[in-house]
Amino acid sequence: MAQYIYADNAATTKLDIDAFEAMKPYLLDEYGNPSQPYFFSKRPKMAIKKAREIIADCIGAEPKNIFFTSGGTESDNWAIKCFGAAPGDVHIIATSSIEHHAILNACDNHSEMHEWIHLSVDKNGLVSPNELYNVFNWENRPICTCMTFLASVMFANNEIGTIQPIKELVEAAHKRGAAFHTDAVQAVGHVPINVKELGVDLLSASAHKFNGPKGVGFLYDSGKHVYAHNDGGSQEFGMRAGTENVAGIVGMAVALQKNCQEMDKNIAHIKTVEAHFIDRMNNSGLDFVRNGSSNHLPGLVSISFKGADGEALLHRLDLMKICVSTGSACDSVNTQVSHVLKAIGLSNEYAKGTIRISFGKHNTIEEADTIADALIKILGQN
Ligand code: PLP
(Lines give C-alpha, C1' and ligand atoms only; values in the text may rest on other atoms or scores of the structure.)
Protein backbone atom coordinates (compact mmCIF):
# COMPACT_ATOMS: atom_id res chain seq x y z
CA MET A 1 0.00 0.00 0.00
CA ALA A 2 1.14 3.57 -0.66
CA GLN A 3 2.61 5.63 2.21
CA TYR A 4 -0.40 7.89 2.13
CA ILE A 5 -3.96 7.92 0.82
CA TYR A 6 -4.94 10.74 -1.47
CA ALA A 7 -8.72 11.09 -1.57
CA ASP A 8 -9.02 14.77 -2.45
CA ASN A 9 -9.37 14.53 -6.22
CA ALA A 10 -11.85 17.42 -6.33
CA ALA A 11 -8.99 19.65 -5.11
CA THR A 12 -6.54 18.41 -7.70
CA THR A 13 -5.54 15.19 -9.45
CA LYS A 14 -2.35 13.32 -10.16
CA LEU A 15 -0.74 14.25 -13.47
CA ASP A 16 -1.25 11.49 -16.02
CA ILE A 17 2.04 9.91 -17.08
CA ASP A 18 1.20 10.08 -20.81
CA ALA A 19 0.36 13.77 -20.41
CA PHE A 20 3.70 14.29 -18.68
CA GLU A 21 5.59 12.48 -21.45
CA ALA A 22 3.79 14.51 -24.12
CA MET A 23 4.70 17.75 -22.34
CA LYS A 24 8.41 17.06 -21.95
CA PRO A 25 9.58 17.91 -25.50
CA TYR A 26 7.90 21.33 -25.28
CA LEU A 27 9.70 22.10 -22.01
CA LEU A 28 13.14 20.92 -23.10
CA ASP A 29 13.78 20.89 -26.85
CA GLU A 30 10.80 22.36 -28.69
CA TYR A 31 10.81 25.62 -26.77
CA GLY A 32 10.26 27.97 -29.71
CA ASN A 33 7.72 30.76 -29.30
CA PRO A 34 4.67 29.60 -31.28
CA SER A 35 4.13 33.11 -32.64
CA GLN A 36 7.47 33.26 -34.45
CA PRO A 37 7.52 32.60 -38.21
CA TYR A 38 10.65 30.41 -38.42
CA PHE A 39 10.91 26.61 -38.62
CA PHE A 40 11.78 26.23 -34.90
CA SER A 41 8.35 27.52 -33.90
CA LYS A 42 6.38 25.36 -36.27
CA ARG A 43 6.13 22.33 -33.98
CA PRO A 44 4.97 24.23 -30.89
CA LYS A 45 2.45 26.03 -33.10
CA MET A 46 1.21 22.74 -34.57
CA ALA A 47 1.07 21.19 -31.09
CA ILE A 48 -1.30 23.96 -29.94
CA LYS A 49 -3.46 23.47 -33.03
CA LYS A 50 -3.66 19.72 -32.44
CA ALA A 51 -4.41 20.18 -28.73
CA ARG A 52 -7.25 22.56 -29.61
CA GLU A 53 -8.71 19.96 -31.98
CA ILE A 54 -8.45 17.16 -29.41
CA ILE A 55 -10.06 19.24 -26.67
CA ALA A 56 -12.84 20.45 -28.96
CA ASP A 57 -13.55 16.85 -29.97
CA CYS A 58 -13.73 15.75 -26.31
CA ILE A 59 -16.58 18.19 -25.56
CA GLY A 60 -18.33 18.17 -28.95
CA ALA A 61 -17.14 21.64 -29.94
CA GLU A 62 -15.35 23.26 -32.89
CA PRO A 63 -11.64 24.08 -32.37
CA LYS A 64 -12.23 27.77 -33.15
CA ASN A 65 -14.44 28.00 -30.04
CA ILE A 66 -11.77 26.84 -27.58
CA PHE A 67 -9.66 29.54 -25.89
CA PHE A 68 -6.77 28.49 -23.68
CA THR A 69 -6.45 30.12 -20.27
CA SER A 70 -4.49 29.67 -17.05
CA GLY A 71 -7.25 27.55 -15.48
CA GLY A 72 -10.75 27.53 -14.07
CA THR A 73 -10.47 30.79 -12.17
CA GLU A 74 -9.40 32.76 -15.23
CA SER A 75 -12.04 31.13 -17.45
CA ASP A 76 -14.77 31.96 -14.92
CA ASN A 77 -13.56 35.54 -14.50
CA TRP A 78 -13.42 35.99 -18.26
CA ALA A 79 -16.97 34.74 -18.72
CA ILE A 80 -18.36 37.02 -16.01
CA LYS A 81 -16.29 40.18 -16.40
CA CYS A 82 -16.04 40.32 -20.18
CA PHE A 83 -19.50 39.12 -21.05
CA GLY A 84 -21.15 41.05 -23.90
CA ALA A 85 -19.84 42.79 -26.98
CA ALA A 86 -17.71 45.42 -25.26
CA PRO A 87 -17.09 47.03 -21.87
CA GLY A 88 -19.94 49.31 -20.85
CA ASP A 89 -22.81 47.06 -21.86
CA VAL A 90 -25.40 46.76 -19.13
CA HIS A 91 -25.64 43.24 -17.83
CA ILE A 92 -27.99 41.29 -15.70
CA ILE A 93 -26.33 38.15 -14.37
CA ALA A 94 -28.07 35.33 -12.53
CA THR A 95 -25.92 32.76 -10.73
CA SER A 96 -26.71 29.97 -8.32
CA SER A 97 -25.89 30.67 -4.69
CA ILE A 98 -23.53 27.67 -4.58
CA GLU A 99 -21.11 28.74 -7.32
CA HIS A 100 -17.36 28.58 -6.77
CA HIS A 101 -15.81 31.81 -5.45
CA ALA A 102 -14.23 32.41 -8.87
CA ILE A 103 -17.78 33.19 -10.02
CA LEU A 104 -19.21 34.69 -6.84
CA ASN A 105 -16.30 37.06 -6.22
CA ALA A 106 -16.11 38.06 -9.89
CA CYS A 107 -19.77 39.06 -9.67
CA ASP A 108 -19.38 40.71 -6.28
CA ASN A 109 -16.27 42.73 -7.07
CA HIS A 110 -17.72 44.05 -10.31
CA SER A 111 -21.18 44.88 -9.09
CA GLU A 112 -20.89 48.33 -10.72
CA MET A 113 -20.90 46.56 -14.10
CA HIS A 114 -24.04 44.55 -13.65
CA GLU A 115 -27.07 43.67 -11.62
CA TRP A 116 -26.59 40.33 -9.91
CA ILE A 117 -29.46 37.95 -9.19
CA HIS A 118 -28.98 34.95 -6.88
CA LEU A 119 -30.76 31.71 -7.69
CA SER A 120 -31.66 29.54 -4.73
CA VAL A 121 -31.00 25.81 -4.50
CA ASP A 122 -33.04 23.06 -2.87
CA LYS A 123 -31.77 20.81 -0.09
CA ASN A 124 -29.87 18.71 -2.62
CA GLY A 125 -28.20 21.74 -4.18
CA LEU A 126 -30.33 21.76 -7.32
CA VAL A 127 -31.26 24.94 -9.20
CA SER A 128 -34.79 25.03 -10.59
CA PRO A 129 -35.14 25.80 -14.34
CA ASN A 130 -38.48 27.41 -13.46
CA GLU A 131 -36.87 29.83 -11.04
CA LEU A 132 -34.27 30.72 -13.66
CA TYR A 133 -37.01 31.36 -16.20
CA ASN A 134 -38.93 33.50 -13.74
CA VAL A 135 -36.03 35.69 -12.59
CA PHE A 136 -35.41 36.72 -16.18
CA ASN A 137 -38.86 38.24 -16.39
CA TRP A 138 -38.54 41.63 -18.02
CA GLU A 139 -42.18 42.53 -18.43
CA ASN A 140 -42.08 45.38 -15.96
CA ARG A 141 -38.58 46.60 -16.62
CA PRO A 142 -37.21 49.08 -19.10
CA ILE A 143 -34.77 47.30 -21.42
CA CYS A 144 -32.19 49.16 -23.46
CA THR A 145 -30.64 47.65 -26.57
CA CYS A 146 -27.23 47.49 -24.90
CA MET A 147 -28.56 45.24 -22.13
CA THR A 148 -27.30 41.66 -22.05
CA PHE A 149 -28.35 38.76 -19.89
CA LEU A 150 -26.26 35.91 -18.59
CA ALA A 151 -27.07 32.89 -16.46
CA SER A 152 -24.12 31.13 -14.85
CA VAL A 153 -24.77 27.81 -13.15
CA MET A 154 -22.02 25.33 -12.41
CA PHE A 155 -22.19 21.90 -14.04
CA ALA A 156 -21.28 20.07 -10.84
CA ASN A 157 -20.66 21.47 -7.39
CA ASN A 158 -17.15 21.15 -5.96
CA GLU A 159 -18.28 20.67 -2.35
CA ILE A 160 -21.30 18.38 -2.56
CA GLY A 161 -21.00 16.99 -6.09
CA THR A 162 -24.52 17.84 -7.22
CA ILE A 163 -24.88 17.74 -11.00
CA GLN A 164 -27.32 20.34 -12.30
CA PRO A 165 -30.02 19.77 -14.96
CA ILE A 166 -27.92 21.84 -17.38
CA LYS A 167 -29.95 21.20 -20.54
CA GLU A 168 -33.20 22.31 -18.87
CA LEU A 169 -31.49 25.35 -17.35
CA VAL A 170 -30.05 26.32 -20.74
CA GLU A 171 -33.50 26.05 -22.31
CA ALA A 172 -35.01 28.26 -19.61
CA ALA A 173 -32.28 30.90 -20.07
CA HIS A 174 -32.51 30.84 -23.86
CA LYS A 175 -36.30 31.22 -23.80
CA ARG A 176 -35.66 34.55 -22.02
CA GLY A 177 -32.93 35.59 -24.44
CA ALA A 178 -30.15 35.06 -21.88
CA ALA A 179 -26.82 33.39 -22.66
CA PHE A 180 -25.71 30.47 -20.49
CA HIS A 181 -22.30 29.89 -18.90
CA THR A 182 -21.42 26.78 -16.95
CA ASP A 183 -18.42 26.34 -14.68
CA ALA A 184 -17.69 22.73 -15.61
CA VAL A 185 -14.33 22.60 -13.82
CA GLN A 186 -15.33 19.57 -11.72
CA ALA A 187 -17.16 17.78 -14.51
CA VAL A 188 -15.01 17.94 -17.66
CA GLY A 189 -13.15 14.66 -18.11
CA HIS A 190 -15.28 12.92 -15.47
CA VAL A 191 -18.79 12.81 -16.90
CA PRO A 192 -19.91 12.97 -20.55
CA ILE A 193 -20.27 16.54 -21.83
CA ASN A 194 -21.35 17.65 -25.27
CA VAL A 195 -21.64 21.42 -25.47
CA LYS A 196 -23.79 21.34 -28.60
CA GLU A 197 -26.27 18.83 -27.20
CA LEU A 198 -26.50 20.84 -24.00
CA GLY A 199 -26.71 24.15 -25.85
CA VAL A 200 -24.35 25.99 -23.48
CA ASP A 201 -22.84 29.23 -24.77
CA LEU A 202 -19.82 29.40 -22.46
CA LEU A 203 -18.03 26.69 -20.46
CA SER A 204 -15.03 26.81 -18.12
CA ALA A 205 -12.59 23.94 -17.56
CA SER A 206 -9.31 23.36 -15.75
CA ALA A 207 -6.68 20.73 -16.63
CA HIS A 208 -5.50 19.86 -13.11
CA LYS A 209 -8.96 18.55 -12.24
CA PHE A 210 -8.75 15.86 -14.93
CA ASN A 211 -5.17 14.60 -14.51
CA GLY A 212 -3.65 17.37 -16.57
CA PRO A 213 -1.06 19.91 -15.39
CA LYS A 214 -1.81 22.85 -13.09
CA GLY A 215 -2.11 26.42 -14.37
CA VAL A 216 -3.85 25.71 -17.65
CA GLY A 217 -7.48 25.45 -18.69
CA PHE A 218 -9.86 26.68 -21.34
CA LEU A 219 -12.97 28.68 -21.99
CA TYR A 220 -15.42 27.44 -24.62
CA ASP A 221 -17.35 30.24 -26.31
CA SER A 222 -19.93 29.15 -28.88
CA GLY A 223 -19.74 32.53 -30.60
CA LYS A 224 -18.51 35.91 -29.44
CA HIS A 225 -20.25 35.94 -26.06
CA VAL A 226 -17.17 37.49 -24.46
CA TYR A 227 -14.66 40.10 -25.55
CA ALA A 228 -10.86 39.96 -25.12
CA HIS A 229 -9.89 40.33 -21.49
CA ASN A 230 -6.29 41.46 -21.76
CA ASP A 231 -4.33 43.63 -24.14
CA GLY A 232 -1.17 42.58 -25.93
CA GLY A 233 -0.39 40.18 -28.76
CA SER A 234 -2.83 38.44 -31.05
CA GLN A 235 -2.64 34.96 -29.51
CA GLU A 236 -5.82 32.89 -29.15
CA PHE A 237 -7.50 34.52 -32.18
CA GLY A 238 -6.85 37.92 -30.62
CA MET A 239 -8.94 36.99 -27.58
CA ARG A 240 -6.28 36.26 -24.97
CA ALA A 241 -2.96 37.98 -25.37
CA GLY A 242 0.17 36.34 -23.97
CA THR A 243 2.62 33.65 -25.07
CA GLU A 244 0.91 30.29 -24.77
CA ASN A 245 1.74 27.68 -22.14
CA VAL A 246 2.57 25.17 -24.89
CA ALA A 247 3.57 22.23 -22.67
CA GLY A 248 0.57 22.80 -20.41
CA ILE A 249 -1.82 22.94 -23.34
CA VAL A 250 -0.37 19.73 -24.82
CA GLY A 251 -0.55 17.95 -21.45
CA MET A 252 -4.11 19.10 -20.94
CA ALA A 253 -5.21 17.70 -24.31
CA VAL A 254 -3.57 14.31 -23.71
CA ALA A 255 -5.03 14.03 -20.20
CA LEU A 256 -8.52 14.99 -21.32
CA GLN A 257 -8.49 12.64 -24.29
CA LYS A 258 -7.35 9.77 -22.09
CA ASN A 259 -9.96 10.47 -19.41
CA CYS A 260 -12.68 10.70 -22.04
CA GLN A 261 -11.60 7.46 -23.71
CA GLU A 262 -11.52 5.66 -20.36
CA MET A 263 -14.51 7.43 -18.84
CA ASP A 264 -16.90 4.46 -18.62
CA LYS A 265 -14.26 2.28 -17.01
CA ASN A 266 -13.20 5.03 -14.59
CA ILE A 267 -16.78 5.86 -13.58
CA ALA A 268 -17.55 2.18 -12.92
CA HIS A 269 -14.43 1.78 -10.77
CA ILE A 270 -14.90 5.00 -8.82
CA LYS A 271 -18.56 4.19 -8.16
CA THR A 272 -17.57 0.79 -6.75
CA VAL A 273 -15.07 2.40 -4.36
CA GLU A 274 -17.64 5.04 -3.36
CA ALA A 275 -20.39 2.46 -2.78
CA HIS A 276 -18.06 0.38 -0.62
CA PHE A 277 -17.21 3.40 1.52
CA ILE A 278 -20.87 4.38 1.91
CA ASP A 279 -21.71 0.79 2.88
CA ARG A 280 -19.08 0.93 5.59
CA MET A 281 -20.48 4.22 6.87
CA ASN A 282 -24.04 2.90 6.83
CA ASN A 283 -22.95 -0.05 8.98
CA SER A 284 -20.79 2.04 11.30
CA GLY A 285 -23.47 3.21 13.70
CA LEU A 286 -22.20 6.80 13.26
CA ASP A 287 -24.78 9.57 13.03
CA PHE A 288 -24.21 11.29 9.67
CA VAL A 289 -25.91 12.72 6.61
CA ARG A 290 -24.62 12.62 3.07
CA ASN A 291 -25.00 15.87 1.11
CA GLY A 292 -25.82 16.45 -2.54
CA SER A 293 -28.21 15.03 -5.11
CA SER A 294 -28.48 11.41 -6.24
CA ASN A 295 -27.08 12.52 -9.60
CA HIS A 296 -23.64 13.57 -8.40
CA LEU A 297 -20.00 13.52 -9.44
CA PRO A 298 -18.69 9.95 -9.28
CA GLY A 299 -16.63 9.51 -6.12
CA LEU A 300 -17.47 12.81 -4.45
CA VAL A 301 -18.73 12.15 -0.92
CA SER A 302 -19.70 15.15 1.20
CA ILE A 303 -20.46 13.67 4.58
CA SER A 304 -21.53 15.49 7.76
CA PHE A 305 -21.12 13.83 11.16
CA LYS A 306 -23.44 15.06 13.90
CA GLY A 307 -21.65 17.02 16.62
CA ALA A 308 -18.22 16.52 15.05
CA ASP A 309 -15.64 19.17 14.13
CA GLY A 310 -14.74 18.84 10.44
CA GLU A 311 -11.53 20.80 10.88
CA ALA A 312 -10.31 18.57 13.72
CA LEU A 313 -11.37 15.49 11.75
CA LEU A 314 -9.28 16.61 8.79
CA HIS A 315 -6.22 17.04 11.01
CA ARG A 316 -6.67 13.67 12.69
CA LEU A 317 -6.91 12.04 9.26
CA ASP A 318 -3.88 14.01 8.14
CA LEU A 319 -1.87 12.52 11.02
CA MET A 320 -2.89 9.11 9.66
CA LYS A 321 -1.58 10.20 6.22
CA ILE A 322 -5.06 10.44 4.71
CA CYS A 323 -5.78 13.51 2.55
CA VAL A 324 -9.39 14.66 2.42
CA SER A 325 -10.90 18.11 2.59
CA THR A 326 -13.32 20.11 4.69
CA GLY A 327 -15.85 21.80 2.43
CA SER A 328 -13.98 23.30 -0.50
CA ALA A 329 -10.20 23.02 -0.97
CA CYS A 330 -10.14 26.38 -2.70
CA ASP A 331 -11.36 27.91 0.55
CA SER A 332 -9.40 26.00 3.14
CA VAL A 333 -8.41 29.11 5.10
CA ASN A 334 -12.03 29.84 5.80
CA THR A 335 -13.18 27.53 8.55
CA GLN A 336 -16.74 28.86 8.67
CA VAL A 337 -19.62 26.69 7.50
CA SER A 338 -19.40 27.05 3.75
CA HIS A 339 -21.85 29.04 1.64
CA VAL A 340 -22.84 25.78 -0.06
CA LEU A 341 -23.82 23.97 3.14
CA LYS A 342 -25.69 27.09 4.27
CA ALA A 343 -27.51 27.30 0.93
CA ILE A 344 -28.76 23.69 1.15
CA GLY A 345 -30.03 24.43 4.66
CA LEU A 346 -27.92 21.87 6.53
CA SER A 347 -28.28 22.37 10.29
CA ASN A 348 -25.17 23.58 12.15
CA GLU A 349 -24.83 20.45 14.27
CA TYR A 350 -24.15 18.48 11.08
CA ALA A 351 -22.62 21.23 8.92
CA LYS A 352 -19.69 21.82 11.29
CA GLY A 353 -18.76 18.14 11.10
CA THR A 354 -18.48 18.01 7.32
CA ILE A 355 -15.64 16.55 5.31
CA ARG A 356 -15.35 16.02 1.57
CA ILE A 357 -13.84 12.78 0.34
CA SER A 358 -13.33 12.71 -3.40
CA PHE A 359 -12.27 9.34 -4.77
CA GLY A 360 -10.52 9.25 -8.12
CA LYS A 361 -9.50 6.63 -10.62
CA HIS A 362 -6.37 5.72 -8.62
CA ASN A 363 -8.18 4.97 -5.35
CA THR A 364 -8.86 1.40 -4.29
CA ILE A 365 -11.43 -0.45 -2.19
CA GLU A 366 -8.67 -1.05 0.39
CA GLU A 367 -8.12 2.69 0.65
CA ALA A 368 -11.85 3.28 1.11
CA ASP A 369 -11.71 0.70 3.91
CA THR A 370 -8.78 2.41 5.57
CA ILE A 371 -10.57 5.77 5.50
CA ALA A 372 -13.74 4.19 6.91
CA ASP A 373 -11.72 2.47 9.68
CA ALA A 374 -10.01 5.76 10.52
CA LEU A 375 -13.29 7.68 10.72
CA ILE A 376 -14.91 5.00 12.88
CA LYS A 377 -11.90 5.01 15.18
CA ILE A 378 -11.74 8.81 15.51
CA LEU A 379 -15.46 9.46 15.82
CA GLY A 380 -16.07 6.42 18.02
CA GLN A 381 -13.74 7.99 20.62
CA ASN A 382 -15.83 11.18 20.94
N1 PLP B 1 -14.56 26.25 -10.34
C2 PLP B 1 -14.73 25.14 -9.59
C3 PLP B 1 -16.05 24.49 -9.53
C4 PLP B 1 -13.63 24.60 -8.88
O5 PLP B 1 -13.81 23.50 -8.14
C6 PLP B 1 -12.38 25.26 -8.96
C7 PLP B 1 -11.23 24.76 -8.17
O8 PLP B 1 -11.38 24.01 -7.23
C9 PLP B 1 -12.25 26.40 -9.78
C10 PLP B 1 -13.37 26.86 -10.44
C11 PLP B 1 -10.93 27.10 -9.95
O12 PLP B 1 -10.13 26.37 -10.84
P13 PLP B 1 -8.54 26.59 -10.90
O14 PLP B 1 -7.96 25.92 -9.70
O15 PLP B 1 -8.11 25.93 -12.17
O16 PLP B 1 -8.31 28.05 -10.94
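Does glutamate 30 count as buried or exposed, and what is its relative accessibility? Glutamate 30 counts as buried, because its relative accessibility is 17% and the cut-off for buried is under 20%. Keep in mind as you look around that this is a predicted model.

Let's stay with glutamate 30 for a moment. Its side chain meets that of arginine 43 in a salt bridge, 3.0 Å from N to O. Glutamate 30 sits in the loop between α1 and α2, while arginine 43 belongs to helix α2 (residues 42-58), so the pair ties together parts that are 13 residues apart in sequence. The partner is in another setting: arginine 43 is exposed, because its relative accessible area is 53% and exposed means over 50%.

Now move along helix α2 to another pair. The side chains of lysine 49 and glutamate 53 meet in a salt bridge at 3.2 Å, N to O. About one helical turn separates these two, because they are 4 residues apart in helix α2. Lysine 49 is partly exposed, with a relative accessible area of 46%, and glutamate 53 also counts as partly exposed, at 36% relative accessibility.

These pairs belong to a wider set, as the structure holds 12 salt bridges. One of them brings together the side chains of aspartate 16 and lysine 258, at 3.0 Å from N to O. This pair links distant parts of the chain: aspartate 16 is in the loop between β1 (5-6) and α1, whereas lysine 258 is in helix α9 (residues 246-261), 242 residues away. Aspartate 16 and lysine 258 are both buried.

On either side of aspartate 16 in the numbering you'll find members of a surface feature. Leu15, Ile17 and Phe20 form a nonpolar patch on the surface, and together they have about 250 Å² of accessible area. Phenylalanine 20 is in helix α1 (residues 17-28) and is partly exposed, at a relative accessible area of 36%.

For a contrast, head to helix α3 (residues 72-81). This helix is largely enclosed by the rest of the structure, because 8 of its 10 residues are buried. Among the buried ones are Asp76, Trp78 and Ile80.

Asp76 leads us on to aspartate 183, in strand β6 (residues 179-183). Leaving aside neighbours within four places in sequence, aspartate 183 is in contact with Asp76, as well as Glu99, His100, Ile103, Val153, Met154, Phe155, Ala156 and Ser204. What about a charged partner for aspartate 183? This residue is buried yet has no salt bridge, and the nearest side chain of opposite charge, lysine 209, is 8.8 Å away. There is a polar atom of its side chain 3.0 Å from the backbone nitrogen of valine 185, though.

Last stop: isoleucine 303, which has its place in strand β10 (residues 300-305). Isoleucine 303 counts as buried, at 0% relative accessibility. Setting aside neighbours within four places in sequence, its contacts are Phe277, Met281, Phe288, Val289, Asn291, Gly353, Thr354 and Ile355. If you want a sense of scale, compare its position with histidine 118: the two C-alpha atoms are separated by 26 Å, and the residues are 185 apart along the chain.

Notes: Residues are numbered from 1 along each chain as its sequence is written. This is a predicted model: local features need pLDDT of at least 70, side-chain atom pairs count only at pLDDT 80 or more; totals for chains, interfaces and linings use all residues. Side-chain values use heavy atoms; hydrogens and water are left out. Patches are made of residues with over 30% relative accessible area and no salt bridge: like charges are joined within 9 Å, nonpolar side chains (Val, Leu, Ile, Met, Phe, Trp, Tyr) within 5 Å. Accessible areas come from the Shrake-Rupley method with a 1.4 Å probe; for residues, only the protein chains shown count as cover. A salt bridge is a side-chain nitrogen of Lys or Arg within 4 Å of a carboxyl oxygen of Asp or Glu. Buried means under 20% relative accessible area, exposed over 50%, partly exposed in between (1.4 Å probe, protein chains only). Lys and Arg count as positive and Asp and Glu as negative; His and the chain ends are not counted. A polar contact is a pair of N or O atoms within 3.5 Å; within protein, one must be able to donate a hydrogen and the other to accept it, and residues adjacent in sequence count only if both atoms are side-chain atoms. Contact means heavy atoms within 4.5 Å.
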